[in-house]
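Subject: Handover of a structure

Dear colleague,

Please find below the structure that I am handing over to you. I would be grateful if you would look at it first and then read what was found in it.

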Amino acid sequence: MNEIIYPVAEKFISINGEGRKAGELALFIRFRKCNLRCSYCDTLWANQDNSPAEFLSLESLADFVEKSGVKNITLTGGEPLLQKHLDLLITELIRNGHEIEIETNGSISIQNLACQKYRPAFTLDYKLPSSGMEAAMLTENYQYLDKNQDVVKFVAGSRQDLNKALEIIRNYDLISKSTVYFSPVFGKIEPVEIVDFLKENKLNQARIQLQLHKFIWNPEQGGV
């Protein structure tokens, strides 16, 4: 096999702004390229085939991670599941004692990675109507979820979004299969409206989560 190379748009250490490990230190590896174009996307600069990137080998990425001293590794994008040989990088990092989370947009199968020996955790989006990308969602992924590791995240920008999220949660019994989070589209819906929605619908165990990094730093700031 030829040397394995990954197009990395950026890599940095920060805190997890959301998910099961929100507030914990994490090393982020952002891969370029995405197959979706969500209306509220805040990483459009990394989503094209020709977006700026640093081309790093598996060995150099693993070495960078090891030298960072950080245990939590978040693979994000773009859409990380578009990267060839991602399984090899994940296996190498987990073997070295790191915990891997993949932030994925919900349109690509997680089956192979979910069933491999060295399994990452998934934060799996369901793109609601206001994203403009709902038709791309792959609900077959829900059969591979692990309640103890995985998250299904609904980023809501309207009441219509909230109603659709409720439908999906109930139709696929997601609360029994994963941790379910609601997150507001920044500046589009007030968090209190989501809280009221959870109360109205008795959505026990579902959680609201704000993007911590957008409160700690400027919402437009990258690399955090």
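In what follows, a helix is a DSSP run of H or I with at least four residues, a strand is a DSSP run of E with at least two, and both kinds are numbered from the N terminus. Please also bear in mind that this is a predicted model.

The sheet

The strands form an open sheet of nine, in the order β3-β1-β2-β4-β5-β6-β7-β8-β9, and the pairing is mixed. Its edge strands are β3 and β9, each of which pairs on one side only.

Strand β1 covers residues 5–15. Eight of these eleven residues are buried, so β1 is largely enclosed by the rest of the structure. Its pairing with β2 (residues 25–31) is antiparallel and extends over seven bridges. Within this pairing, Glu10 stands opposite Arg30, and Ile13 stands opposite Leu27. With β3 (residues 54–57), β1 also pairs in the antiparallel sense, over four bridges. Here Val8 of β1 stands opposite Glu54.

Strand β2 is likewise described by its burial: six of its seven residues are buried, so β2 too is largely enclosed by the rest of the structure. Besides its pairing with β1, β2 runs parallel to β4, joined to it by four bridges. Phe28 of β2 stands opposite Thr74 in β4.

When you follow any strand, one general point will help: in a regular strand the side chains alternate between the two faces of the sheet.

Further along the sheet, β6 (residues 121–126) and β7 (residues 151–156) pair in the parallel sense over four bridges. Asp125 has Lys153 in β7 as its bridge partner.

Helix α1

Helix α1 (residues 58–68) lies across β1, β2, β3 and β4, and runs at about 90° to β3. Which of its residues are buried? They are Leu58, Leu61, Ala62 and Val65. Seen down the axis of α1, these buried residues fall within an arc of 95°, so they line one face of the helix. The general reason is that an α-helix has 3.6 residues a turn, so residues three or four places apart point the same way.

The cover over the buried residues of α1 includes β1, β2, β3, β4 (72–76) and α2 (86–95). On the face turned away from the buried side, α1 carries the exposed residues Glu59 and Lys67. After the helix comes Gly69, whose phi is positive, near 75°.

Helix α5 and its partner α4

Helix α5 (residues 191–200) has Ile194, Phe197 and Leu198 as its buried residues. Down the axis of α5 they fall within an arc of 100°, so these residues, too, line one face of their helix. They pack against α4 (159–171), β8 (179–184) and β9 (207–208). The face of α5 turned away from this buried side carries Val192 and Lys199, which are exposed. Lys202 follows α5 and has a positive phi, near 50°.

How do α4 and α5 meet, and at what angle? They pack at an angle of about 35°, with their axes 11 Å apart, and their crossing is right-handed. From α4, the contact is made by Arg159, Leu162, Asn163 and Leu166, and from α5 by Glu193, Ile194, Phe197 and Glu200. By class, this contact has four nonpolar, one polar and three charged residues. Ile194 and Phe197 are thus named twice, among the buried residues of α5 and in its contact with α4.

Two single residues

Lys164 is placed in helix α4. Apart from its neighbours within four places in sequence, Lys164 is in contact with Tyr126, Leu128, Pro129 and Glu134. The C-alpha atoms of Lys164 and Thr139 are separated by 14 Å, the two residues being 25 residues apart along the chain.

Is Gln209 buried or exposed? Buried means a relative accessible area under 20%. Gln209 has 11%, and therefore counts as buried. Its place is in the loop between β9 and α6 (213–216). Leaving aside neighbours within four places in sequence, Gln209 is in contact with Glu18, Gly19, Ala22, Tyr181, Phe182, Ser183 and Pro184.

Yours sincerely,
A colleague

Key:
Residues are numbered from 1 along each chain as its sequence is written. This is a predicted model: local features need pLDDT of at least 70, side-chain atom pairs count only at pLDDT 80 or more; totals for chains, interfaces and linings use all residues. Side-chain values use heavy atoms; hydrogens and water are left out. Buried means under 20% relative accessible area, exposed over 50%, partly exposed in between (1.4 Å probe, protein chains only). The arc is that of the directions from the helix axis to the C-beta atoms. Contact means heavy atoms within 4.5 Å. Two strands pair if DSSP finds at least two bridges between them. Axes are lines fitted to C-alpha atoms, for helices over the stretch in contact, and angles run from 0 to 180 degrees between N-to-C directions. A crossing is left-handed if the near helix is turned anticlockwise from the far one by less than a right angle, and right-handed if clockwise. Ala, Val, Leu, Ile, Met, Phe, Trp, Tyr, Cys and Pro count as nonpolar, Asp, Glu, Lys and Arg as charged, and the others, Gly among them, as polar.
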